[in-house]
2 protein chains.
Amino acid sequence: MVARYERIADALRDDILAGLHPVGSQLPTEAELAARYLAARGTVRQAVAVLVAEGLVGSRQGARRIVLGKARSQSFAELHSFAQWARANGYRFGGQMITQGRRAASPAEAARLGTDEVLDVLRLRTLEGEPVLLERTVYAEWVAAAVEELAPGCESVTEALYDSIGLVFAYGEHLIDAVSAGAQDARLLGVRRGSPLLRQRRITTTHEGRPVEWSDDRYRAGSVVFSIRNSIDANPLVRQAGDLRFGA
Amino acid sequence: MVARYERIADALRDDILAGLHPVGSQLPTEAELAARYLAARGTVRQAVAVLVAEGLVGSRQGARRIVLGKARSQSFAELHSFAQWARANGYRFGGQMITQGRRAASPAEAARLGTDEVLDVLRLRTLEGEPVLLERTVYAEWVAAAVEELAPGCESVTEALYDSIGLVFAYGEHLIDAVSAGAQDARLLGVRRGSPLLRQRRITTTHEGRPVEWSDDRYRAGSVVFSIRNSIDANPLVRQAGDLRFGA
DNA sequence: TAAGGGAACTTGTACAAACAAGCCAGCACA
DNA sequence: TGTGCTGGCTTGTTTGTACAAGTTCCCTTA
């Protein structure tokens, strides 16, 4: 059962994408929308709030709402999983486990993941045949066994873990910066040592807030761009001075 | 007049930051909070929704809400303005206009900014005495005059434009990737040519959705990290294959 | 002992109503 | 002509109520 406000939000989003409400134009008023969809004003407000959160619509008290853009946003799964992202966008992709092994957690890892032992995995992902992403992932001990079961050429770790133990990745925190390629980075990604890489470090947790993995993902420059929409009201993006958190 | 739900959200955030609700613990139920703050359940829900949007609290139907983290998020102004960000975090900072001049807009710029003529400005920003950020900003024609009025050493362009013509930056779209330093980048930032830079391209608009500026900001690697929190429900971050949008 | 079935609890959705606050166009006045 | 104010419109806030849906845990039963 999909909520009413979600269906209204979908309908409005489709209208915007279809050009019925061009960028820069005004959205119908809440009263109009309520009449059109035979819903209470509060329900319509919830629907519009979805679009505002997506950055598609701008809103401020007293003034009519405005269409800001028409880009569609991705699901969490698409952001989290390289495979789901690539598949949703129609790319050819692949993945290969390079090395994998258990070891004792460093103090920082123990604090982040809440376990003494970790499973350290290095994976290389390709897009359209080109090596694009190097993933250095550290898994908490309680998922290590399930990860070790995976085939070395497993395309989607996220999906495989959901199928095998019902694991759902629910929350993430991401740190994005630029680093130069080390010797191993350069060799595996096929770039020169010292060339720029886009680094995304992230920690992912379950619904319960239980940490699952800590990953250091490095993209070849030019292969991937992160996009964020924000506003004076909603600001998901934060700038931090370098390397203050999470150690090196 | 601050809204009630905002004051409740502030109180809850303070409690979390103060450790009254540790990371991983459960938040009080809506009913409890409503009783404590003498507010209707709907109002409490709005307050909690703020914290959920900030990524501090996780929420799902049927289960008690969970404290996910205690990082405080920045305002849009702090993200948008280097000066406001640096000041709020207690850093010594500076800025210097390097070159500035009007020229005809390229087709891409005309499409983005909606003007035929643009003002092109190159600025270098320093943090703790070190050159850290190179801003290549293109302003729409209708703000060009106000920007030209600014002093070359103007610390905060955002604040200066608000003071002079009441301009408010309200919405932004950001593209984040890594590039290697060109000759000019290297010289001004004091790094070697080809060394990694964190690039943030952004377009900023007014409340009305009117584009004001298009900027290409390059940070020296290691000086700045972007941080984003997301969840299966709220996902502000999007990954895109390289250089599909906004041209080069 | 383990699986299954609820009952109680908690969050999510929807409606209705009233007032507050900000925006904007049009009117009156200088 | 242009300035300032006012009134209508639109979005924001708050309360109250009812039901839906998911979670959790205990108790029953095999």
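# A tour of the DNA contact surface, a pocket and two cavities

Begin by selecting B:Q61 and DNA strand D: a polar side-chain atom of B:Q61 lies 3.0 Å from a sugar or linking oxygen of the strand. The model on display is predicted, and every distance in this tour is computed from it.

**First stop: DNA strand D**

Keep the strand selected and add two residues of chain A. In the side chain of A:R45, an N or O atom is 2.9 Å from a phosphate oxygen of DNA strand D. At A:G62 the contact comes from the backbone instead, where an N or O atom lies 3.3 Å from a sugar or linking oxygen of the strand.

Next, widen the selection to the protein surface around the strand. DNA strand D is surrounded by 24 residues, and the closest are A:R41, A:R45, A:Q61, B:R4 and B:T43. By class, this surface comprises 9 charged, 8 polar and 7 nonpolar residues.

Which part of the strand faces the protein, sugar and phosphate or bases? Among the atoms of DNA strand D within 4 Å of the protein, 76% belong to sugar or phosphate, and the rest belong to bases.

Now colour the helices at this surface. At least two residues each are supplied by α3 (41–54) of chain A and by α1 (4–17) and α3 (41–54) of chain B. The largest share, 3 residues, comes from α3(B).

**Second stop: the domains of chain A**

Select chain A and colour residues 4–67 and 76–220 separately. The domain assignment names these ranges domain 1 and domain 2, respectively. Their centres, taken over C-alpha atoms, are 37 Å apart.

**Third stop: the second largest pocket**

Select A:V23, A:L68, A:G69, A:R229 and B:E173 to find the second largest pocket, which has a volume of about 460 Å³. These five are the closest to the pocket centre among its 22 lining residues. Two or more lining residues come from each of β9 (224–231) of chain A and α6 (107–113), β6 (171–180) and β7 (196–205) of chain B. Which element gives the largest share of the lining of this pocket? It is β6(B), with 3 residues. The lining of the second largest pocket divides into 9 nonpolar, 7 charged and 6 polar residues.

**Fourth stop: the cavities**

The structure holds 3 cavities of 30 Å³ or more. Two of them are visited here.

For the largest cavity, with about 130 Å³ of space, select A:H80, A:E135, A:V157, A:T158 and A:R202. Of the 16 residues in its lining, these lie closest to the centre. In chain A, α5 (82–88), β4 (117–127), β5 (130–140) and α8 (157–165) each give two or more residues to the lining. The largest share, 3 residues, belongs to β5(A). Charged residues number 6 in this lining, with 5 polar and 5 nonpolar residues.

Then move to chain B for the second largest cavity, where about 110 Å³ of space lies. Select B:H80, B:E135, B:V157, B:T158 and B:R202, which lie nearest the centre among 16 lining residues. The elements of chain B that give two or more residues here are α5 (82–88), β4 (117–127), β5 (130–140) and α8 (157–165). From β5(B) comes the largest share of this lining, 3 residues. The lining of the second largest cavity has 5 nonpolar, 5 polar and 6 charged residues.

Terms used. Residues numbered from 1 in each chain as written. Chains lettered and ligands numbered in written order. Predicted model: local features only at pLDDT ≥ 70, side-chain atom pairs only at ≥ 80, totals over all residues. Heavy atoms only, no water. Near = heavy atom within 4 Å. Polar contact = N/O pair within 3.5 Å; in protein donor to acceptor, adjacent residues only side chain to side chain. Helix = DSSP H or I, 4+ residues; strand = E, 2+ residues; numbered from the N terminus. Nonpolar A, V, L, I, M, F, W, Y, C, P; charged D, E, K, R; others polar. Domains from an automatic or database assignment. 1 Å grid on protein atoms, 1.4 Å probe; cavity = no way out; pocket = protein on both sides within 12 Å on 5 of 7 lines; lining within 4 Å. Points joined across faces, edges and corners; volume = space filled by probe spheres on them.
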